Every structure is written in C-alpha cells, then in structure tokens.
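Thanks for asking me to look this one over. My notes follow as numbered points, and I hope they are handy with the structure open beside you.

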Amino acid sequence: MTNRAPGSLADRELARLYAGRFTDADLAAKRLLWTELCRGFLDHRIPADHVVLDLGAGSCEFINACRARRRIAVDLNPDTVRYAVDADVVLAPSDDMPQVATGSVDTVFTSNFFEHLPDKPALLRTLAECHRVLRPGGQLLVLMPNLRFVGQRYWDYFDHHLPVTHLSLVEGLRMSGFQPNEVIPRFLPYTVKDARMRIRPAYVRWYLRLRPAWRLFGRQMFVAATRVGIPDTVDGDAWAVRTTAGER
C-alpha cells in the first residue's frame, strides 16, 4: 500500500508486484508467523474489546489473526478484499480514509508499511490521519524494518522509498501528537522471504520468549505510541503539536 502521490504505483501495479513477490509457501509461512505473533506478543497489547485498524493490511495475516471485536483492513491493493476474513475492508490511501469515522478506532496497527511511503511529508500526513481516526488515548503500534540494523538490504524491494530508524520514527510520532511509550529497536528478523529456517510455530514462540535473541537477529523495530496531542498543521512542512489538558 502507498499514498496516491506523483510517481506512486497504481492499484494494478501494486497487485502485480505483490503477486510476484510472495509464493504460496511464503504466504503460508506468514500466516503461521502472525498467528504466533498475535498470541505471544500482540494480544497482550490489544484488548479483545478494541476496534482495530490494520493500515497497509496487504494479505491480511495480522488482521485475520487479531482477536479484536471489530477489525478494519485498509489498503490500496484491491486484492486485500479476497484475503480479509470477517473484517471490514477499506480501499483508501493512508492519509485519507473518509470511510473511517473520527475517533472511532482504539488501535491502529501497521506492519512493514511506512517504508513504502514516498517521503517524510507523506508519513506526517499518514500519522495525522491515524491521529484523526483514533480516540483520545488510543494507540498506534508500528512494526517495520529499522534502517540502522537492516543496512543496504533495506533497498532490496522495489517499493521501499522512505528510510526510517527507531529514533527518526519517534521524532515523527512526537511531532504528530503521539507519545511513544515502548520502543524496541531490534525485534523481528527482516523478512520471512528467503529465511534460512522454515517458519514453525514452536520456533516463533521460542524466539518471542528469548529476548537476547532479538539483539542477535532483530532487524525490525516495534514502537507503541499513545495519541496525546493535537497537530496544529497538516501540510507536512510546518508541523507543531499542542497538548490539551484533557489529553495529558
């Protein structure tokens, strides 16, 4: 999924790109991985009574495994409709989701998406839209490659545009009315594609419990932030935040 911006990929190009990127075996491995990630890591951070929006849902491995009471999958790729199970699908850019009411979401989750945005202003617009749909005190959970630890492999994918580290992401979140409250610079390995070992549920459970392994193999970051501030501007160039007494 990307924003609709000059030079961005069209819907059909996105579908063709992702259809050629992941084999059936890759998709099966991703489903196994996300089931274990939800049970062993994310379920503790996403209450079952939440409304959850998956931003850049893609083939919907996370949103299908999530146990929230209402689940919304947002993407530009039209194939998302056929992957989602018992979830509302919204085909829209990340910075303009009029189908989602203001303050109607408890948790926005996004995985391996921000790096596909064309530039920093697009990221700020996306964060502003996340801020809009979240209720006061709602949370934004981000899982994505950390350029600091991935290195040049970050650019191995045709649709990676935006370089981000855990430190630059934290700055952007604070600019956009969010307070980061959990930052894990090294969490998951970079990708399941071309993984040295076959993904097995027991391996994932072992990895999640053995935190020292994260420092050895982790190339993706996890950042959790709470909606606390109100962005004063949304043009992506001049950005300020004020915090109201009711949202401290």
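1. A definition to begin with: a residue is called buried when its relative accessible area is under 20%. By that cut-off, buried residues make up 52% of the 248 residues in the protein. Please keep in mind that this is a predicted model.

2. On the overall make-up, the protein has 9 helices and 9 strands. If you take the contacts between residues at least 6 apart in sequence, 69% of them join residues at least 24 apart. The accessible surface is about 11800 Å², and carbon and sulfur atoms account for 53% of that surface.

3. Now to the sheet. It is open, has 7 strands and mixed pairing, and its order reads β3-β2-β1-β4-β5-β7-β6. Which strands stand at the edges? They are β3 (88-91) and β6 (178-184); each has a single partner strand, so one side of each is left without a neighbour in the sheet. From one strand to the next, the twist averages 20 degrees.

4. One strand pairing deserves a look of its own. Strands β5 (residues 134-145) and β7 (residues 220-227) run antiparallel and are joined by 7 bridges. Within this pairing, M144 has M221 in β7 as its bridge partner.

5. Two helices that pack on the sheet come next. Helix α2 (residues 24-42) touches β4 (105-111), β5, β6 and β7, and its direction makes about 130 degrees with that of β4. Helix α5 (residues 120-133) also packs on the sheet, touching β1 (51-55), β4, β5, β6 and β7. The direction of α5 makes about 140 degrees with that of β5.

6. What about the nonpolar interior? The largest nonpolar core has 35 residues, and those with the most contacts inside it are L53, L55, V105, V108, F114, L140 and L169. At least two residues of this core come from each of β1, β2 (70-75), β4, α5, β5, α7 (166-175) and β7. Helix α5 gives the most, with 5 residues.

7. L169 is a good residue to click on. Leaving aside residues up to four places away in sequence, L169 touches F114, V142, M144, V164, M221 and V223. Both M144 and M221, the bridge partners of point 4, are thus on the list of residues that L169 touches. There is also a second, separate core of 33 residues, which includes A65, A73, A84 and Y207.

8. For the aromatic side chains, the structure holds 10 aromatic pairs. One of them, F113 with F114, is tilted, at 6.0 Å centre to centre and 55 degrees between the planes. Is F113 buried or exposed? F113 counts as buried because its relative accessibility is 1%, and F114 is buried with a relative accessible area of 1%.

9. A further pair, F187 with W214, is edge-to-face, with 4.9 Å centre to centre and 75 degrees between the planes. F187 lies in the loop between β6 and α8 (201-209), while W214 lies in helix α9 (residues 211-217), so the pair ties together parts that are 27 residues apart in sequence. Both F187 and W214 are buried.

10. Finally, which residues form one aromatic cluster with F187 and W214? They are F41 and F222. F41 falls within helix α2 (residues 24-42), and F222 falls within strand β7 (residues 220-227).

Definitions and conventions. Residues are numbered from 1 along each chain as its sequence is written. This is a predicted model: local features need pLDDT of at least 70, side-chain atom pairs count only at pLDDT 80 or more; totals for chains, interfaces and linings use all residues. Side-chain values use heavy atoms; hydrogens and water are left out. Helices (H or I, at least four residues) and strands (E, at least two) are DSSP runs, numbered from the N terminus. Buried means under 20% relative accessible area, exposed over 50%, partly exposed in between (1.4 Å probe, protein chains only). Contact means heavy atoms within 4.5 Å. Accessible areas come from the Shrake-Rupley method with a 1.4 Å probe; for residues, only the protein chains shown count as cover. Two strands pair if DSSP finds at least two bridges between them. Axes are lines fitted to C-alpha atoms, for helices over the stretch in contact, and angles run from 0 to 180 degrees between N-to-C directions. A nonpolar core is a set of buried Ala, Val, Leu, Ile, Met, Phe, Trp, Tyr and Cys residues joined through side-chain atoms within 4.5 Å. Rings of Phe, Tyr and Trp (its six-membered ring) pair if their centres lie within 6.5 Å; planes under 30 degrees apart count as stacked, over 60 as edge-to-face and the rest as tilted.
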